[in-house]
Amino acid sequence: MSGSHPRLHQSAAPAPNALSTDKDAEMPATEKDLAEDAPWKKIQQNTFTRWCNEHLKCVNKRIGNLQTDLSDGLRLIGLLEVLSQKKMFRKYNQRPTFRQMQLENVSVALEFLDKENIKLVSIGECDE
């Protein structure tokens, strides 16, 4: 019996590699959840785009792609004006042809939010 006891002990205890294998199996799921094309991100993006478009109907504007369509500031300004029912505090470029004009428009929108005491978290300027 003493010869069979160590075998029982070895089979009952998890092998050291079994724990690391479980962690390795979890890692791809975590990376998958954080990936750009994760299903939950697509759902949120589509939901927010539809919500924006519902409000932008009032000013005859539309968003097709959140990443590119807000970059000139015009749709963002339009959305803020519709939601707040106020006009921008300062002028902005109606036809921003240059990157600098687009960035100015986004700055006008961010300044508007600041003056309305709407705090943004983890939002900053990015020059690419």
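**Figure 1. Arg90 and its salt-bridge partners in the predicted model.** In this predicted model, Arg90 is partly exposed, with a relative accessible area of 38%. Arg90 forms a salt bridge with Glu111, and the closest N and O atoms of this pair are 3.0 Å apart. Because Arg90 lies in the loop between H5 and H6 whereas Glu111 lies in helix H6, the pair ties together parts that are 21 residues apart in sequence. Glu111 is likewise partly exposed, at a relative accessible area of 26%, and forms a salt bridge with Lys115 as well, here with the closest N and O atoms 3.9 Å apart. Glu111 and Lys115 both belong to helix H6, where they are 4 residues apart, or about one turn of the helix. Through these shared partners, salt bridges join Arg90, Glu111 and Lys115 into one network.

**Figure 2. The salt bridge between Glu54 and Lys57.** Glu54 and Lys57 form a salt bridge in which the closest N and O atoms are 3.4 Å apart. Glu54 is partly exposed, with a relative accessible area of 48%, whereas Lys57 is exposed, with a relative accessible area of 54%. The structure as a whole holds 5 salt bridges, among them this pair of Glu54 and Lys57.

**Figure 3. The largest nonpolar core.** This core is made up of 7 residues, namely Ile77, Leu80, Met88, Val108, Ala109, Phe112 and Leu113. Helix H5, which spans residues 74–84, and helix H6, which spans residues 99–115, each supply at least two residues of the core, and H6 gives the most, with 4 residues. Ala109, one of the core residues, is in contact with Leu76, Ile77, Leu80 and Met88 once its neighbours within four places in sequence are left aside. A second, separate core holds 5 residues, including Cys52, Leu56, Ile63 and Leu66.

**Figure 4. Helix H5 and what covers it.** Within H5, the residues Leu74, Ile77, Gly78, Leu79, Leu80, Glu81 and Val82 are buried, and the cover over the buried residues of this helix includes H3 and H6. Leu83, which also lies in helix H5, is partly exposed, because its relative accessible area of 41% falls in that class. H5 is followed by Gln85, a residue whose phi is positive, near 55 degrees.

**Figure 5. His55 of helix H3 and its contacts.** His55 lies in helix H3, which comprises residues 39–56. What does His55 touch beyond its neighbours within four places in sequence? The residues in contact with His55 on this basis are Leu79, Val82 and Leu83. His55 and Val82 are 27 residues apart in sequence, while the distance between their C-alpha atoms is 6.8 Å. His55 counts as partly exposed, at 25% relative accessibility, and Val82 is among the buried residues of H5.

**Figure 6. A nonpolar patch on the surface.** Phe48, Trp51 and Leu83 form a nonpolar patch on the surface, and together they have about 280 Å² of accessible area. Leu83 of this patch comes from helix H5 and is also one of the residues in contact with His55. Over the chain in its entirety, about 10400 Å² is exposed, with carbon and sulfur atoms supplying 55% of that area.

**Figure 7. Cys52 and Cys58.** Are these two cysteines buried or exposed? Cys52 is buried, with a relative accessible area of 1%, whereas Cys58 is exposed, with a relative accessible area of 61%. Cys52 also belongs to the second nonpolar core, which includes Leu56, Ile63 and Leu66. A search of the whole structure finds 0 disulfides.

**Figure 8. The chain that frames these views.** The chain has 6 helices and 0 strands, and from the N terminus on its elements run α-α-α-α-α-α. Of its 128 residues, 20% are buried. When contacts in the chain between residues at least 6 apart in sequence are considered, 39% join residues at least 24 apart.

Technical notes
Residues are numbered from 1 along each chain as its sequence is written. This is a predicted model: local features need pLDDT of at least 70, side-chain atom pairs count only at pLDDT 80 or more; totals for chains, interfaces and linings use all residues. Side-chain values use heavy atoms; hydrogens and water are left out. A nonpolar core is a set of buried Ala, Val, Leu, Ile, Met, Phe, Trp, Tyr and Cys residues joined through side-chain atoms within 4.5 Å. Buried means under 20% relative accessible area, exposed over 50%, partly exposed in between (1.4 Å probe, protein chains only). Contact means heavy atoms within 4.5 Å. Patches are made of residues with over 30% relative accessible area and no salt bridge: like charges are joined within 9 Å, nonpolar side chains (Val, Leu, Ile, Met, Phe, Trp, Tyr) within 5 Å. Accessible areas come from the Shrake-Rupley method with a 1.4 Å probe; for residues, only the protein chains shown count as cover. A salt bridge is a side-chain nitrogen of Lys or Arg within 4 Å of a carboxyl oxygen of Asp or Glu. A disulfide is a pair of cysteine sulfur atoms within 2.5 Å.
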